[in-house]
Amino acid sequence: QIPFDGNYTEITVPDTEVNIGQIVDINHEIKPKLVELVNTDFFKYYKLNLWKPCPFWNGDEGFCKYKDCSVDFITDWSQVPDIWQPDQLGKLGDNTVHKDKGQDENELSSNDYCALDKDDDEDLVYVNLIDNPERFTGYGGQQSESIWTAVYDENCFQPNEGSQLGQVEDLCLEKQIFYRLVSGLHSSISTHLTNEYLNLKNGEYEPNLKQFMIKVGYFTERIQNLHLNYVLVLKSLIKLQEYNVIENLPLDDSLKAGLSGLISQGAQNINQTDDYLFNEKVLFQNDQNDDLKNEFRDKFRNVTRLMDCVHCERCKLWGKLQTTGYGTALKILFDLKNPNDSINLKRVELVALVNTFHRLSKSVESIENFEKLYKIQPPTQDHPSPSSESLDVFDNEDEQNFFDSFSVDQTVTSSKEPPEEIKSKPVGKAEYKKTNSCPSSGSKSIKEAFHEELYAFIDAIGFILNSYRTLPKLLYTLFLVKSSELWDIFIGTQRHRDSTYRVDL
Ligand SMILES: Cc1cc2nc3c(=O)[nH]c(=O)nc-3n(C[C@H](O)[C@H](O)[C@H](O)COP(=O)(O)OP(=O)(O)OC[C@H]3O[C@@H](n4cnc5c(N)ncnc54)[C@H](O)[C@@H]3O)c2cc1C
């Protein structure tokens with residue numbers, strides 16, 4: 001366990017050979033190029049449907065009151081740069097997708113990790129990402145919690161799946177990566193909203209150290225997961241370069257040069273082979289792991305679909321963009337296996353990938369800044385218990401009331417906390433190798449399988465014991481039924497032979 005001492009530098013990034021300090025150094029080098037790139041016309045616009053119905057539940061009753069929940073989308077086509085005009089669209093592989101049988105035609109290609117909006121959807125709008133920054137919107141309470149709960153409980157491999165201890169390390173590597181990916185996305189969103197948090201005193205958006213520490217900073221594992229996401233996305237970009245995909249993209253030369261320059265800078269800073277950064281080849285190693293890969297892909301698609309259930313438009317915009325970015329990174333990492341492989345890369349996927357990397361870069365920079373602020377003056381309430389009801393999240397009652405008014409049932413803490421054991425435990429590569437290989441298709445580690453069997457055994461014993469408990473009552477009820485039948489015969493009012501009796505035990 002790593003007790004939090006206000007310093008993240010030496011903490012390892014799980015399943016990689018790097019530590020957070022090294023990521024910070026890489027980020028310093030590539031940040032200027034990345035910022036330049038996301039400010040270009042090509043990368044600063046994103047096309048999406050913000051009003052697609054939630055596919056999982058009827059959830060339109062949700063709302064987000066604050067003005068920054070909304071998105072300023074573009075209705076006037078003349079405002080959209082040439083590069084995004086319809087005649088330019090479709091050049092980036094849009095027409096070459098292989099369709100899944102039974103799936104919505106435009107929505108999915110068999111290799112896709114995300115459910116993209118249809119290309120011909122009439123409700124697609126363009127959004128200028130620079131004009132609609134990801135920051136505090138006041139979205140919270142039960143509404144956002146229900147989304148996060150669905151993400152973790154139903155569409156993620158849980159650390160407590162088959163394990164009483166509930167440690168993420170108990171999962172096999174593929175499932176670990178999935179959990180960390182989702183948790184890292186959550187950490188990154190929380191970092192942005194606390195880095196640009198509304199200060200009620202002056203109406204400005206500014207870093208709020210206390211909120212950051214409560215949501216992310218005290219949980220070393222959340223910090224690790226966010227940095228792992230940085231590594232995954234960077235590795236996917238490096239792979240695009242290595243396999244000559246960038247070179248062949250239908251982009252203008254300056255964009256290609258910008259993208260290549262950024263990636264080369266990232267690769268150069270690793271100063272080792274890029275498997276040192278992250279070695280995706282150890283995942284889904286053998287053919288038997290196809291089921292596991294399909295399960296991984298299906299679950300991630302569901303996470304992308306859940307973004308349509310987010311009530312706050314601004315949060316939905318960035319949620320959709322980032323899940324698409326991660327889905328694209330996964331596709332590149334897991335499906336591009338040798339230089340001759342082709343990959344379908346849509347324009348929205350490329351834009352999402354680069355912007356997701358920029359979001360992570362911004363998070364890494366913000367965490368570095370929060371670390372400095374913490375060293376100058378740590379928040380007064382140190383190391384709060386995350387499950388504590390008395391957690392003093394807001395500085396005064398006015399602040400509490402103001403934020404409460406944003407959403408129904410605003411709760412800042414929830415029962416959905418990772419168990420103590422996983423909060424600040426670093427996972428080194430050696431450790432993972434020892435315990436985690438998904439053995440076969442549908443895969444469970446030996447430990448998971450053992451726990452599953454154990455629980456089945458306990459259930460069976462419970463069933464047998466319960467039968468003994470209910471046996472006297474059952475016999476008594478049968479006796480009553482039989483006597484009643486005999487009585488009916490005796491008094492000559494015998495029921496029809498086929499009559500059935502309902503016996504409520
Ligand atoms: C897709 C999406 C996008 C959002 N975007 C924005 C936005 O742009 N601006 C904005 O102001 N709000 C946004 N929100 C809301 C925001 O994420 C929080 O839900 C809200 O601020 C309330 O926070 P909370 O402290 O109650 O805990 P939440 O962040 O809602 O977390 C719920 C529970 O999940 C667990 N948890 C928290 N972080 C992690 C982690 N990293 N890993 C594992 N478990 C974790 C904890 O047990 C926590 O109690 C978004 C929500 C969603 C679902």
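Which residues in α3 are buried? They are G141, Q143, S144, I147, W148, A150, V151 and Y152. Keep in mind as you look around that this is a predicted model. The protein has 505 residues, and 52% of them are buried. Its fold is made of 15 helices and five strands.

**Helix α3**
- Helix α3 covers residues 141-154, which is 14 residues.
- At 1.5 Å a residue, α3 should span 20 Å, and its end C-alpha atoms sit 19 Å apart, so the two values agree.
- The buried residues of α3 pack against two other helices, α4 (173-195) and α9 (290-306).

**The nonpolar core**
- The largest nonpolar core is built from 112 residues.
- Inside this core, the residues with the most contacts are Y8, F43, Y46, Y230, L259 and L317.
- Helix α11 (residues 347-376) gives the most to this core, chipping in twelve residues.
- In soluble globular proteins, nonpolar side chains tend to be buried together.
- Take a look at Y46: leaving out residues up to four places away in sequence, Y46 touches V125, Y126, V127, L129, L317, K320, L321, T324, V348, V351 and A352.

**A buried arginine**
- R314 belongs to helix α10, which runs over residues 313-335.
- With a relative accessible area of 5%, R314 falls under the 20% cut-off, so R314 counts as buried.
- The R314 side chain reaches the backbone oxygen of P133 at 2.7 Å.
- Apart from neighbours within four places in sequence, R314 is in contact with D68, C69, S70, V71, N132, P133, R135 and T137.

**The whole protein**
- Among contacts with a separation of 6 or more, 81% link residues 24 or more positions apart.
- The accessible surface adds up to about 24100 Å², and carbon and sulfur atoms account for 50% of that.

**How far to trust the model**
- The mean pLDDT is 77, with 69% of the residues reaching 70 or more.
- Residues 406-437 have pLDDT below 50, and the model gives this stretch 92 contacts beyond near neighbours in sequence.
- Over residues 495-505, pLDDT stays under 50 as well, and the model has nine contacts for them beyond four places in sequence.
- Where pLDDT is low, the predicted coordinates should not be read in detail.
- For the complex, the predictor gives an ipTM of 0.99 and a pTM of 0.77.

Terms used: Residues numbered from 1 in each chain as written. Predicted model: local features only at pLDDT ≥ 70, side-chain atom pairs only at ≥ 80, totals over all residues. Heavy atoms only, no water. Helix = DSSP H or I, 4+ residues; strand = E, 2+ residues; numbered from the N terminus. Expected span 1.5 Å × (residues − 1). Buried < 20%, exposed > 50% of the residue type's maximum accessible area, 1.4 Å probe, protein only. Contact = heavy atoms within 4.5 Å. Core = buried A, V, L, I, M, F, W, Y, C linked by side-chain atoms within 4.5 Å. Polar contact = N/O pair within 3.5 Å; in protein donor to acceptor, adjacent residues only side chain to side chain. Areas by Shrake-Rupley, 256 points an atom, 1.4 Å probe, with all protein chains shown as cover. pLDDT = per-residue confidence, 0-100.
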